[in-house]
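The exercises below are to be worked with the sequence and the coordinates open. Each task is followed by a solution in steps.

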Amino acid sequence: MKDLIIESSDAILKEADIFWNSPGTIETIERAAALLSEALANGNKIISCGNGGSLCDATHFAEELTGRYRKNRTSLPAIAINDPAYITCVGNDFSFDEIYSRYVEGVGNEGDVLLAISTSGNSGNIVKAAESARLKKMKILVLTSTGNNRLSSLGDVVVAAPKADYSDRVQEIHIQVIHILIQAIEKQLGFE
């Protein structure tokens, strides 16, 4: 068991080191924070989505903005598309590929931001959500992994973790980025 723990922790540190030391990483995250902060400063909202662990990350992001992160402050408009009744309704009546795009179509407005999270960048329902966001003249922030994928081509800002053998390594980078983005939003909006 000790070997497994050491091997996993070494892999986590290795992926984080590759990501944080890659050229352009810091600047990309600065652009992502500016995109989100500008939307919120202009009275718009952020809608987030993902599948599985990425939906948990999307939800975590939204609840930290509407609730609180490190300090008490005004609630910020952020929604994670995670209502099981809604998801099963659209999945049943239309298809699983449309569960997020129909929500964006109905609730998204010009100037809003879609936070689209997919470790592969090829999840059909996340790609369709980004396509709907584009039609609504929303901005799109993508959290994904490196390499060619359908989602990256739709993003205004793309934060790509190193491609890994398993999605958990990508998700570990994503949650670090999410926490930093929340801190940056609070700072840029004057809550820090």
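## Exercises on a predicted model

The structure is a predicted model.

**Exercise 1. Describe the overall fold: the number of helices and strands, their order, and the compactness of the chain.**

Step 1. The protein chain holds 7 helices and 5 strands.

Step 2. Read from the N terminus, the order of elements is α-α-β-α-β-α-α-β-α-β-β-α.

Step 3. The radius of gyration is 16 Å, and the globule rule gives 16 Å for 192 residues, so the protein chain is as compact as a globular protein of that length.

Step 4. Along the principal axes, the C-alpha atoms fill a box of roughly 50 × 40 × 30 Å.

**Exercise 2. Find what share of the residues is buried, what share of the contacts joins residues at least 24 apart, and what the exposed surface consists of.**

Step 1. Of the 192 residues in the protein chain, 44% are buried.

Step 2. Take the contacts between residues at least 6 apart in sequence; 69% of these join residues at least 24 apart.

Step 3. The protein chain exposes about 9500 Å², and 52% of this area comes from carbon and sulfur atoms.

**Exercise 3. Determine how many salt bridges the whole structure has, and work through the pair Asp156 and Arg134.**

Step 1. A search of the whole structure returns 5 salt bridges.

Step 2. In one of them, the side chains of Asp156 and Arg134 meet with an N to O distance of 3.4 Å. This satisfies the cut-off, because a salt bridge needs the nitrogen and the carboxyl oxygen within 4 Å.

Step 3. Locate the partners: Asp156 is in the loop between strand E4 (139-145) and strand E5 (157-161), while Arg134 is in helix H6 (residues 124-135). The pair is 22 residues apart and links distant parts of the chain.

Step 4. Check the accessibility. Asp156 is partly exposed at a relative accessible area of 33%, and Arg134 is partly exposed at 34%.

**Exercise 4. Show how Asp168, Arg169 and Glu172 are linked.**

Step 1. Asp168 forms a salt bridge with Arg169, with the closest N and O atoms 3.5 Å apart.

Step 2. Arg169 also meets Glu172 in a salt bridge, at 2.8 Å from N to O.

Step 3. Glu172 and Arg169 are 3 residues apart in helix H7 (residues 167-188), so about one helical turn separates them. In general, an α-helix has 3.6 residues a turn, so residues three or four places apart point the same way.

Step 4. Joining the two pairs gives a network of salt bridges through Asp168, Arg169 and Glu172.

Step 5. Which of these residues are buried and which partly exposed? Arg169 is buried, with a relative accessible area of 15%. Asp168 is partly exposed at 32%, and Glu172 is partly exposed at 22%.

**Exercise 5. Analyse helix H3: its span, its buried residues and their packing partners.**

Step 1. Helix H3 covers residues 53-66 and has 14 residues. From its first C-alpha to its last, H3 reaches 20 Å, close to the 20 Å expected at 1.5 Å a residue.

Step 2. The buried residues of H3 are Ser54, Leu55, Asp57, Ala58, Phe61, Ala62, Glu64 and Leu65.

Step 3. These buried residues pack against helix H2 (25-41), strand E1 (46-49), strand E2 (78-80), strand E3 (113-117) and H7.

**Exercise 6. Place Thr25 and Ala184 in their helices and list their contacts beyond four places in sequence.**

Step 1. Thr25 lies in helix H2 and is buried, with a relative accessible area of 9%.

Step 2. With residues up to four places away left out, Thr25 touches Phe19 and Trp20.

Step 3. Thr25 and Ser167 are 142 residues apart in sequence, and their C-alpha atoms are 19 Å apart in space.

Step 4. Ala184 lies in helix H7. Outside its neighbours within four places, Ala184 is in contact with Ala33 and Ser37.

Step 5. From Ala184 to Val158 the separation is 26 residues in sequence and 17 Å in space, C-alpha to C-alpha.

**Exercise 7. Identify the residues of the nonpolar surface patch that includes Met1, and classify Met1 by accessibility.**

Step 1. Met1, Leu4 and Ile5 make a nonpolar surface patch of about 370 Å².

Step 2. Met1 is in the segment before helix H1 (2-20).

Step 3. The relative accessibility of Met1 is 75%, so Met1 counts as exposed.

Definitions and conventions:
Residues are numbered from 1 along each chain as its sequence is written. This is a predicted model: local features need pLDDT of at least 70, side-chain atom pairs count only at pLDDT 80 or more; totals for chains, interfaces and linings use all residues. Side-chain values use heavy atoms; hydrogens and water are left out. Helices (H or I, at least four residues) and strands (E, at least two) are DSSP runs, numbered from the N terminus. Buried means under 20% relative accessible area, exposed over 50%, partly exposed in between (1.4 Å probe, protein chains only). Patches are made of residues with over 30% relative accessible area and no salt bridge: like charges are joined within 9 Å, nonpolar side chains (Val, Leu, Ile, Met, Phe, Trp, Tyr) within 5 Å. Accessible areas come from the Shrake-Rupley method with a 1.4 Å probe; for residues, only the protein chains shown count as cover. The radius of gyration is taken over C-alpha atoms; the globule rule is 2.2 Å times the number of residues to the power 0.38. Contact means heavy atoms within 4.5 Å. The expected span of a helix is 1.5 Å times one less than its number of residues.
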